[in-house]
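This report looks at a ligand site and at the enclosed space inside a protein. Sequence and model come first.

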Amino acid sequence: LRSSFLAAGAALTGTAASASPALAQSVGDDAILTPQPWATTLGQPVATNPYGQPSKYERALARRQSPGLTQTAAASVSFCPLQGLFGIITPSGLHFERHHQGWYDVDPAKHRFMVNGARPEFVKTPKVYTLDDLMRLAPVSRMHFIECGANTGMEWGNVAVPTVQYTHGMLSCSEFTGVPLRTLLEDCGADLKAAKFVLAEGGDGSAMTRTIPIGPVLAGEVLVAYGQNGEMLRPENGYPLRLVVPGVQGVSWVKWLRRIEVGDRPYAAKDEAIHYIDLMPDGQHRQYTSIQECKSVITTPSGGQTLLDKGYHTISGLAWSGRGAIRRVDVSVDGGLTWAEATVQTPILSKCLTRFTAPWVWDGKPAILQSRATDETGFVQPTYGQLRAARGTRSIYHNNAIQSWKVAESGEVSNVQVL
Ligand SMILES: Nc1nc2c(c(=O)[nH]1)N[C@H]1C(S)=C(S)[C@@H](COP(=O)(O)O)O[C@H]1N2
Ligand SMILES: [Mo]
């Protein structure tokens with residue numbers, strides 16, 4: 001199978017056309033021989049849609065609730081259709097959603113953001129900012145992924161869900177625009193030597209509060225963001241203000257952000273003391289495991305899809321690490337027996353999704369497709385066997401194991417686990 005990779009690689013750089021005559025039809029296609037209505041009539045006028053929408057032919061590309069999860073009115077999650085996306089940026093309307101008490105379309109004129117200290121000496125001048133105040137400050141824009149710590153959570157025990165949308169779809173990536181939190185702490189005269197942690201508090205009724213270590217704040221990485229992909233945040237993603245904590249699990253990216261408190265110890269808030277903890281094999285609860293470790297997944301072909309024919313295919317997927325940039329991605333088509341290095345597309349950014357591709361000539365026999373990412377720290381994404389040896393089987397959060405997709409002789413792709 002390794003040699004079929006090499007053959008496909010050679011075909012790509014050499015005579016791509018001869019590699020797979022079945023790829024395209026050469027003569028007699030009526031769809032090109034007959035003039036279509038769009039070539040012979042007037043089109044729609046401009047601004048028919050003042051805010052443009054996707055083509056009606058793309059309606060199947062949608063956020064969905066997982067059939068494997070309890071669905072409640074407000075405390076729930078919708079998954080991003082990773083199988084239908086290209087490149088690394090998630091269209092804002094398809095960004096996954098996770099709300100602990102539903103979402104709100106908060107009036108930006110009424111939204112306030114406050115900075116204070118746990119003790120008066122931590123912040124000299126506590127302040128309350130309006131959105132206008134924040135938008136007068138110099139903005140920065142950065143591309144980062146956000147992944148819920150529970151992403152891939154249902155796979156801990158066994159194979160629970162059929163498609164990549166449900167296995168990995170609590171993952172999205174945007175360009176965020178906002179003000180570094182550090183700038184605001186300095187503006188309020190925070191004691192950046194005494195500060196060890198900050199508490200971020202959301203404005204929704206879920207009382208979402210999370211402890212953020214001061215390190216990434218001082219480094220200028222943590223943003224008080226109002227922009228997402230060139231426009232204001234979407235209501236579902238925290239409009240008009242959210243915290244961006246690159247590399248850290250989604251729950252710390254507090255939405256409808258209303259307050260930052262500067263302190264010198266972790267806050268043991270409900271969403272870090274009893275939720276978002278890892279149950280280890282020895283029965284202990286591990287707290288404050290925030291960073292999303294190096295992970296990857298093949299998005300095409302993936303569960304629920306069907307290969308129409310044997311011959312040439314491009315395997316494509318996403319890799320990411322909460323500790324920095326992706327260094328390399330390897331792909332296997334034989335369940336991990338042999339690996340070949342994938343092509344990693346630029347840009348390769350820190351704490352951002354990275355797109356990879358690999359050529360594959362399918363011989364029509366059953367195959368198991370896997371990807372394995374390595375980040376700039378040298379961390380290699382684990383197998384399920386390795387993950388379970390360290391973490392047991394009873395966890396919910398931080399599953400970054402290698403995902404396997406089985407291709408059957410019929411071309412149907414399904415979710416399987418390979419240890
Ligand atoms: N205020 C508030 N912030 C919140 C939440 C919430 O329910 N309320 N959910 C958190 C969780 S668990 C995740 S995974 C991310 C999801 O962000 P998204 O809905 O923009 O995808 O927001 C986090 N921030
Ligand atoms: Mo989450």
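What follows covers the ligand, its contacts and the cavities. The model is predicted.

**The ligand and its shell**

Start with the surroundings of ligand 1. There are 22 residues around it. F96, H100, D204, N237 and K255 come nearest. By class, the shell holds nine nonpolar residues, seven polar ones and six charged ones. Strand β2, residues 97-99, gives the largest share of this shell, with three residues.

**Polar contacts**

Which partners lie 2.7 Å from an oxygen atom of ligand 1? One is a polar backbone atom of H100. Another is an N or O atom in the side chain of N237. A polar backbone atom of F96 is 2.6 Å from an oxygen atom of the ligand. The table sets these contacts side by side.

| Residue | Atom on the protein side | Distance to an oxygen atom of ligand 1 |
|---|---|---|
| F96 | polar backbone atom | 2.6 Å |
| H100 | polar backbone atom | 2.7 Å |
| N237 | N or O atom in the side chain | 2.7 Å |

How much of ligand 1 does the protein bury? Taken alone, ligand 1 exposes 530 Å². The protein buries 100% of that area.

**The largest cavity**

Where does ligand 1 sit? Its place is the largest cavity. A search of the whole structure finds two cavities of 30 Å³ or more. The largest holds about 230 Å³ of space. It is lined by 20 residues, and R98, R242, G250, W253 and K255 are the closest to its centre. K255 thus appears twice: it is among the residues that come nearest to ligand 1, and it is among those closest to the cavity centre.

Strand β2 also returns here. It supplies three residues to the lining, the largest share. By class, the lining has nine nonpolar, six polar and five charged residues.

**The second largest cavity**

The second largest cavity contains about 50 Å³ of space. Its lining includes a run of neighbours in the numbering: L85, F86, G87, I88, I89 and T90. L82, L318, L353 and R355 line it too. Seven of the lining residues are nonpolar, two are polar and one is charged.

**In short**

Ligand 1 sits in the largest cavity, and the protein buries 100% of the area that the ligand exposes when taken alone. Oxygen atoms of the ligand lie 2.6 Å from a polar backbone atom of F96, 2.7 Å from one of H100 and 2.7 Å from a side-chain N or O atom of N237.

How values were computed
Residues numbered from 1 in each chain as written. Chains lettered and ligands numbered in written order. Predicted model: local features only at pLDDT ≥ 70, side-chain atom pairs only at ≥ 80, totals over all residues. Heavy atoms only, no water. Near = heavy atom within 4 Å. Polar contact = N/O pair within 3.5 Å; in protein donor to acceptor, adjacent residues only side chain to side chain. Areas by Shrake-Rupley, 256 points an atom, 1.4 Å probe, with all protein chains shown as cover. 1 Å grid on protein atoms, 1.4 Å probe; cavity = no way out; pocket = protein on both sides within 12 Å on 5 of 7 lines; lining within 4 Å. Sits in = over half its atoms within 2 Å of the grid points. Helix = DSSP H or I, 4+ residues; strand = E, 2+ residues; numbered from the N terminus. Nonpolar A, V, L, I, M, F, W, Y, C, P; charged D, E, K, R; others polar. Points joined across faces, edges and corners; volume = space filled by probe spheres on them.
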